[in-house]
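The exercises below ask you to work through a structure by inspecting pairings, contacts and accessibilities. Try each task on the coordinates before reading its solution.

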Amino acid sequence: MDDMDHMFVEEVMELVELKPLRNALVGLPGVDGLSTEQRKRLTIAVELVANPSIIFMDEPTSGLDARAAAIVMRTVRNTVDTGRTVVCTIHQPSIDIFEAFDELFLMKRGGQVIYAGELGRQSHKLVEYFEAISGVPKIKDGYNPATWMLDVTSTAVESQLNVDFAEIYANSNLYRRNQELIKELSTPEPGSKDLHFPTQYSTNFFTQCKACFWKQHWSYWRNSKFNAIRFFSTVMIGVLFGVIFWDKGTKLESQKDLLNLLGATYAAVLFLGASNASAVQPVVSVERTVFYRERAAGMYSELPYAFAQVAIETIYVLIQTFVYCMLLYSMIGYEWTAEKFLYFYYFIFMCFTYFSMYGMMVVALTPGHQIAAIVMSFFLSFWNLFSGFMIPRPLIPVWWRWYYWGSPVAWTIYGLFASQIGDITSPLALSGGQTMQVNEFLKTNLGYEHDFLIPVVVAHVGWVLLFFFVFAYGIKFLNFQRR
């Protein structure tokens, strides 16, 4: 943001009286964060930063008490005083709020216009217009002109006076003046050109991505509860598994030792991975609600939002994975070589990334995170079953073996196990009393080959890209807004 943009944002914040709320979290309605009145002012400010010449508002005071409504309408009045036009519907306004308006467009039931023009000081023009109609009672001193206006133009009064206010307006001088003004304003000035915008959005794709990324960055950074729980659970689960499977990586003398290590790998992957997938869903669900409104306002397109959401989540997963890997790798006792540690870090990182992408994808394809949680758990059960731990791939029936390759968890366990012990040729004592080399046992009994690591590495990229693109196009083409 350059200095001019920063100054303009400061002016908008001053205009809508948001400076005392600087750096505050918006939060969830009815739960935490800003009050309803403060949210309405923030919504007005968000539209004002686009510097529009005209703003439409639908009942900006609905759901507010008298004090909050007065504050919001003061903000609206401040906006009008800057030279902008504000068109808004209003429900049962007080005298002060009603007289803050310059003009009124009044319709009776059925959508027919019965008044369109200036209100005047203390609504005297509106009052004079209706009092001039024969039979309409005069307004009492101190009476709310808005309430009086609705009372004297009701259907019951029309029947009582045997008049049609729409017809009276259509035959009035006020109507004729309005028609002349419309005709005058509808005629373009000589030499003027039609409005034309070369692109749908005011900024290019890269600028949209950059703006969305920083927006998501601050959204995640200020969500301290989510970050604290995420990293606390990472450390706790890492320490817990490290203690339970302490030094298992150095003990590969028997079949039991190897299967214990397989269990450690399986638990390390699935527990925190599934936790990531479920934890990210409420966050993405809330962000999607904001996205719907901002997309409708033409701020940015779908793909920059999707890129930003994925990018910021990936950065947090990158840090989370490093903490987790350092705990597990050192406590379980895997061999400390650069190649093996990098393989371990890569597979854990890509695993947590595709789990997060999977959680985001399911949110994009469902109306809310509650339904998303149900759908997610259904497929996680199959991933768990076909991960290669409960039933090794060679023992899975041939007609179900295809789903082993359709389970991303199976690829991760394959990559972790093959990279860490797939090249070990030391003898392994089997349960029947025989011995076999470790790498041969992995290939024969579990189906893991060290030579197959490169395709496993590529497959992880494929899973991440698959879930990302489904998430992005789900956001683009599916709209679950209720209004």
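## Exercise 1: a strand hairpin

In the hairpin formed by β3 and β4, where five residues lie between the strands, G110 adopts a positive phi near 105 degrees. The model is a predicted one, and the exercises should be read with that in mind.

Task: establish how strand β3 and strand β4 pair, find the bridge partners of L106 and F105, and describe how the side chains are arranged along β3.

Solution. Begin with the strands themselves: β3 covers residues 103-107 and β4 covers residues 113-118, and the two pair in the antiparallel sense over five bridges. Next, take the individual partners in β4, where L106 is bridged to Y115 and F105 is bridged to A116. Finally, follow the side chains along β3, which alternate: L104 and L106 point to one face and are buried, whereas E103, F105 and M107 point to the other face and are not buried.

## Exercise 2: a strand end and its partners

Task: locate D58 in the secondary structure, decide whether D58 is buried or exposed, and identify the residue whose side chain makes a polar contact with that of D58.

Solution. The location comes from the strand assignment, since D58 belongs to strand β1, residues 54-58. For the second step, the relative accessibility of D58 is 64%, so this residue counts as exposed, the cut-off for that class being over 50%. For the third step, the side chain of D58 is joined to that of T89 by a polar contact of 2.9 Å. A C-alpha to C-alpha check on C88 adds to the picture, because D58 and C88 are 5.5 Å apart in space while 30 residues apart in sequence.

## Exercise 3: salt bridges across the sequence

Task: of the 17 salt bridges in the structure, examine those that R22 makes with E10, E47 with R293, and K215 with E294, and classify the accessibility of each partner.

Solution. Start with R22 and E10, whose closest N and O atoms are 2.9 Å apart. This pair links distant parts of the chain, with R22 in the loop between α1 (3-15) and α2 (36-48) and E10 in helix α1, twelve residues apart. R22 is partly exposed because its relative accessibility is 39%, while E10 counts as buried at 17%.

Continue with E47 and R293, whose side chains meet in a salt bridge of 2.8 Å, N to O. Here E47 lies in helix α2 and R293 in helix α12, so that distant parts of the chain, 246 residues apart, are linked. Both partners fall in the partly exposed class, E47 at 27% relative accessibility and R293 at 29%.

End with K215 and E294, where the closest N and O atoms are 3.9 Å apart. Because K215 lies in helix α10 (residues 205-221) and E294 in helix α12, the pair ties together parts that are 79 residues apart in sequence. K215 is partly exposed, with a relative accessible area of 27%, whereas E294, at 9%, counts as buried. As a last step, look for shared partners: salt bridges of this kind join E10, E14, K19 and R22 into one network.

## Exercise 4: a buried serine and a nonpolar patch

Task: determine which residues S285 touches beyond its neighbours within four places in sequence, and then work out which helix gives the most to the nonpolar surface patch.

Solution. S285 lies in helix α12, residues 255-296, and counts as buried because its relative accessibility is 11%, under the 20% cut-off. With neighbours within four places in sequence left aside, S285 is in contact with V363 and H369.

For the patch, list its members: L365, V461, L465, F469, Y473, F477 and L478 together have about 630 Å² of accessible area. Helix α19, residues 453-477, gives the most to this patch, with five residues. F477 lies in that helix, and because its relative accessibility is 57%, F477 counts as exposed.

Terms used: Residues numbered from 1 in each chain as written. Predicted model: local features only at pLDDT ≥ 70, side-chain atom pairs only at ≥ 80, totals over all residues. Heavy atoms only, no water. Patch = residues over 30% accessible without salt bridge, like charges linked within 9 Å, V, L, I, M, F, W, Y side chains within 5 Å. Areas by Shrake-Rupley, 256 points an atom, 1.4 Å probe, with all protein chains shown as cover. Salt bridge = Lys/Arg side-chain N within 4 Å of Asp/Glu carboxyl O. Helix = DSSP H or I, 4+ residues; strand = E, 2+ residues; numbered from the N terminus. Buried < 20%, exposed > 50% of the residue type's maximum accessible area, 1.4 Å probe, protein only. Pairing = 2+ DSSP bridges. Contact = heavy atoms within 4.5 Å. Polar contact = N/O pair within 3.5 Å; in protein donor to acceptor, adjacent residues only side chain to side chain.
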